Amino acid sequence: MIGRSKVDQLLAEQRDYIAKREAGYRERALKIYPWVCGRCAREFTRTNLRELTVHHVDHDHDNNPPDGSNWELLCVYCHNEEHSKFEDFVRYGGSSEKRREAATHNPFAGLREALEKKRD
Ligand SMILES: [Zn+2]
Ligand SMILES: [Zn+2]
């Protein structure tokens with residue numbers, strides 16, 4: 001039998017693991033990408049950076065390629081929106097084929113190019 005304190009300990013360890021994993025990919029994503037929401041183009045600075053979140057394009061939080069291809073920076077509002085869209089998508093259809101297509105699409109690719117051009 002597993003005692004209560006053992007369960008608490010396991011839960012604490014899991015929370016710790018999730019927090020560390022999230023801190024790891026968030027930090028990397030913020031280094032790779034400009035601090036701009038990928039949907040509404042809202043810009044972020046250090047003061048409001050906690051409202052900028054890392055979204056997983058294929059919705060798999062364990063899929064964290066170092067090149068950032070599965071990440072998208074979204075403000076909390078657009079992030080919520082994105083997840084409700086995905087839930088509808090799962091609930092009301094769409095093949096796994098379509099989902100794979102969505103996973104390879106990187107909405108930041110064009111944005112990064114545009115920002116680089118502006119700097120020249
Ligand atoms: Zn947004
Ligand atoms: Zn997300």
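## Close-up views of a predicted model

**View 1. Pro-65, out in a loop.** Let us begin with Pro-65, which sits in the loop between strand S1 (52–56) and strand S2 (71–75). As this is a predicted model, every value in these legends is computed from predicted atoms. Is Pro-65 buried or exposed? Pro-65 is exposed, because just 9 other C-beta atoms lie within 10 Å, and a residue counts as exposed at 12 or fewer. Look also for Tyr-25: Pro-65 and Tyr-25 are 40 residues apart along the chain, and their C-alpha atoms are separated by 9.2 Å.

**View 2. The whole chain, for orientation.** Stepping back for a moment, you can find four helices and two strands in the chain. Starting from the N terminus, their order is α-β-β-α-α-α. Of the 120 residues of the chain, 13% count as buried. Among contacts with a separation of 6 or more, 60% come from residues 24 or more positions apart.

**View 3. Strands S1 and S2 side by side.** Here S1 and S2 pair in the antiparallel sense, over five bridges. Which residue of S2 is the bridge partner of Thr-53? That partner is Leu-74. Elsewhere in the pair, His-56 stands opposite Trp-71 in S2. Both strands are mostly covered: in S1, four of its five residues are buried, and in S2, five of its five residues are.

**View 4. The two faces of S2.** In a regular strand, side chains alternate between the two faces of the sheet. On one side of S2 you will find Trp-71, Leu-73 and Cys-75. Glu-72 and Leu-74 are on the other side. Both faces are covered, and each of these residues is buried.

**View 5. The largest nonpolar core.** Ten residues make up the largest nonpolar core: Ala-29, Cys-37, Leu-52, Val-54, Val-57, Trp-71, Leu-73, Leu-74, Cys-75 and Cys-78. Two elements, S1 and S2, give two or more residues to this core. Which element gives the most? S2 does, with four residues. Val-54 is a good core residue to pause at. Leaving aside residues up to four places away in sequence, Val-54 touches Tyr-25, Arg-26, Ala-29, Trp-71 and Leu-73.

**View 6. Helix H1 from end to end.** H1 covers residues 4–32, which makes 29 residues. At 1.5 Å a residue, a helix of 29 residues should span 42 Å, and the end C-alpha atoms of H1 are indeed 42 Å apart, so the two values agree. How many residues of H1 are buried? The count is one among 29, and H1 is hardly covered.

**View 7. Helix H2 and the glycine just after.** H2 (residues 76–91) has 16 residues and reaches 23 Å from its first C-alpha to its last. That is close to the 22 Å expected at 1.5 Å a residue. One of the 16 residues of H2 is buried, so H2 lies largely in the open. Just after H2 comes Gly-93, with a positive phi of about 115 degrees.

**View 8. Two loop residues with positive phi.** Ala-41 is in the loop between H1 and S1, while His-59 is in the loop between S1 and S2. For Ala-41, phi is near 65 degrees, a positive value in a residue other than glycine. His-59 likewise has a positive phi near 65 degrees and is not a glycine. How do their surroundings look? Ala-41 counts as exposed because 10 C-beta neighbours lie inside 10 Å. His-59 has 17 C-beta neighbours inside 10 Å and therefore counts as partly exposed.

**View 9. How confident the prediction is along the chain.** The mean pLDDT of the chain is 84, and 76% of its residues reach 70 or more. Which element of the chain has the lowest mean pLDDT, and which the highest? The lowest belongs to helix H3 (residues 96–104), with 51, and the highest to S2, with 97. Where pLDDT is low, the predicted coordinates should not be read in detail.

Notes. Residues are numbered from 1 along each chain as its sequence is written. Chains are lettered from A and ligands numbered from 1 in the order in which they are written. This is a predicted model: local features need pLDDT of at least 70, side-chain atom pairs count only at pLDDT 80 or more; totals for chains, interfaces and linings use all residues. A residue is buried if 20 or more other C-beta atoms lie within 10 Å of its own, exposed if 12 or fewer, and partly exposed in between; C-beta atoms are placed from the backbone. The expected span of a helix is 1.5 Å times one less than its number of residues. A nonpolar core is a set of buried Ala, Val, Leu, Ile, Met, Phe, Trp, Tyr and Cys residues joined through C-beta atoms within 7 Å. Two residues are in contact if their C-beta atoms, placed from the backbone, lie within 7 Å. Two strands pair if DSSP finds at least two bridges between them. pLDDT is the predictor's confidence in each residue, from 0 to 100.
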